[in-house]
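This report concerns the internal spaces, surface pockets and metal site of one protein model. The sequence and structure are shown first, and the discussion follows.

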Amino acid sequence: MNKVWEFEGLLQQDDWISPAYVTTDNSGLITDISTQKPILDIEVESVAGYAIPGFQNAHSHAFQYAMSGLAEIHPDPTSQDDFWSWRETMYNIALTMDPEQFEHIATMLYAEMLSHGYTQVAEFHYVHHDKEGKPYAQLAEMGNRLVSAAQTAGIGITLVPIFYQQGGFGKAPSDKQRRFISKNAESYLELLSASDSATKKYNKANVGLGIHSLRAVDQESITAVLNEAKQMPIHIHIAEQLKEVEDCLEFYGQRPVEWLLNNFAVNENFHLVHATHLTAEETTGIAKSGAHVVLCPSTEGNLGDGIFPLGQFQQQGGQWSIGTDSHIGINPLEELRILDYGQRLTTHRRNQLISPTNGDAGRFGIDMALKAGRKAMGNHTVAYFEVGQPLDAAVIDAQTPLIATSNPKNLLSTMVYSGDRTFILGTMVNGAWKVKNKIHYASDQIVSNFKTSIKALKFR
Ligand code: ZN
């Protein structure tokens, strides 16, 4: 049904439109944007909020949501706990879930993402096989479950099935990695094709191509799958950990990003996840290649990864998006804040999230995370809202005291630097409320299924 939405304001690239009247057709596509109320005999819904484009979550491992908070108890406080010991806990949990439990956890997570204003997620998915490591009868069974989870929750999904071949540079996979493994490029490409088919049931789903990391796939196989990438977004973890850099130096004689840039035609379709440990030359190399970086500040902080050289990267026109990775945090406002604060704490300067043409840090962060985030989904739309595109929006609550008293100029930075989920009045996907008045439309059932599955898994 055609409908008119009346917002207090609608954020466009250059400024707020206020008031804003957005007309949508019966599939949720925008047919008109105006400051004047259309003279049409159709339903008008007034919304006490400011609509901004829905946030793009460019990096997710949905099942890890179930282990949030579980790796913070240290029975022996004198022992070393780092990324690699955290990874052991994560592997143990990945081995426990059946497809239905996996789907329930992902659905809960995706509903929570919507409540925080995300409308699209890139799922970096590597738990492909059954608990014994055998492929399911339907090769993309687990990917199919993620698409179902996204559909039930109402979020858009870019399913990125991950090529995971080996346990480390030149090393066989460990037994605990058995659910992840594709032996060679051919078997990965079969999985990719099955994953593509699994996305066809949902009009907000598509696929990307994913390589777990340089340590997890050999050079010949990377070359073979990249040849099939066409225009798909290409996701890869890179240089997250110092040990990974050392291992790569030992095996290839070069650092991870250095080796990637030297051996492949890296371009704007690449989304390098973390890219934490870089030399100045590597940082310049990524920026020059046009590749994007996906930063996951709450997870990177939680895992003690390190700090990305954002200032240098931005000065050279580098583009970045945000992701919530392990989901220890799932608030996009917090991701932007932690990213900025990490830079401020290490540079002793406050103006970090800015460009020569945009000195509003909140606005700059939202703009960068939106545009690069969309590209991580294979979506090259630049306009915030335009005719012909779906109405996917996070709506800021105009009644929140700080928002109610902000002038439009201060609104985005007020939200980014002081906001939490209570600032999000609702989230719309394809012109329909998925979260309305702060409540997810299918919350009761989703929470109930989540509790049932977690209880059965017994690890929380
Ligand atoms: Zn990750």
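What volume has the second largest cavity? In this predicted model, the second largest cavity has a volume of about 80 Å³. Its lining consists of Gln-64, Met-67, Ser-68, Gly-69, Ala-71, Glu-72, Trp-86, Asn-302, Leu-303, Ser-326 and Ile-328. By class, these residues divide into five nonpolar, five polar and one charged.

The structure holds three cavities of 30 Å³ or more, and the largest of them contains about 160 Å³ of space. Nineteen residues line the largest cavity, with Phe-83, Met-90, His-212, His-237 and Glu-240 nearest its centre. Two elements, helix H1 (83-94) and helix H9 (297-303), give two or more residues to this lining. Helix H1 provides the largest share, five residues.

The two largest pockets are described next, and the table sets out volumes and lining classes.

| Space | Volume | Nonpolar residues | Polar residues | Charged residues |
|---|---|---|---|---|
| Largest cavity | about 160 Å³ | eight nonpolar | six polar | five charged |
| Second largest cavity | about 80 Å³ | five nonpolar | five polar | one charged |
| Largest pocket | about 380 Å³ | seven nonpolar | 10 polar | four charged |
| Second largest pocket | about 330 Å³ | four nonpolar | 11 polar | one charged |

The largest pocket is lined by 21 residues, and Gln-120, Lys-204, Asn-379, Pro-390 and Asp-392 lie nearest its centre. Strand S7 (118-125) and strand S9 (205-207) each supply at least two of the lining residues. Because both domain 1 (3-53 + 384-443) and domain 2 (55-376) give residues to the lining, the largest pocket lies between these domains.

In the second largest pocket, 16 residues form the lining, and those nearest the centre are Gly-311, Gln-314, Gln-315, Gln-352 and Ile-354. Helix H10 (310-315), H11 and helix H12 (361-376) give two or more residues to this lining, the largest share being the three residues from H10.

The remaining feature is the metal site. His-59 (NE2), His-61 (NE2), His-237 (NE2) and Asp-325 (OD) coordinate the zinc ion at 2.1 to 2.7 Å. His-237 is also among the residues nearest the centre of the largest cavity. The angles among the four donor atoms run from 79 to 174°, and the site is irregular. Along the sequence, the donor residues follow the spacing H-x1-H-x175-H-x87-D. His-59, in strand S6 (residues 55-60), and Asp-325, in the loop between strand S14 (319-322) and helix H11 (332-347), are 266 residues apart and link distant parts of the chain. Both His-59 and Asp-325 are buried.

Conventions
Residues are numbered from 1 along each chain as its sequence is written. This is a predicted model: local features need pLDDT of at least 70, side-chain atom pairs count only at pLDDT 80 or more; totals for chains, interfaces and linings use all residues. Side-chain values use heavy atoms; hydrogens and water are left out. On a 1 Å grid over the protein atoms alone, a cavity is a set of points where a 1.4 Å probe fits but cannot get out, and a pocket is an open set with protein on both sides within 12 Å along at least five of seven lines; lining residues have an atom within 4 Å of a point. Grid points are joined across faces, edges and corners, and a volume is the space filled by probe spheres set on the points. Helices (H or I, at least four residues) and strands (E, at least two) are DSSP runs, numbered from the N terminus. Ala, Val, Leu, Ile, Met, Phe, Trp, Tyr, Cys and Pro count as nonpolar, Asp, Glu, Lys and Arg as charged, and the others, Gly among them, as polar. Donors are N, O and S atoms within 2.8 Å of the metal (3.2 Å for Na, K and Ca); water is not among the atoms, so sites may look incomplete. Four donors count as tetrahedral if all angles lie between 85 and 135 degrees; four count as square planar and six as octahedral if opposite donors are over 155 degrees apart and all others between 65 and 115; anything else is irregular. Buried means under 20% relative accessible area, exposed over 50%, partly exposed in between (1.4 Å probe, protein chains only). Domain bounds come from an automatic or database domain assignment.
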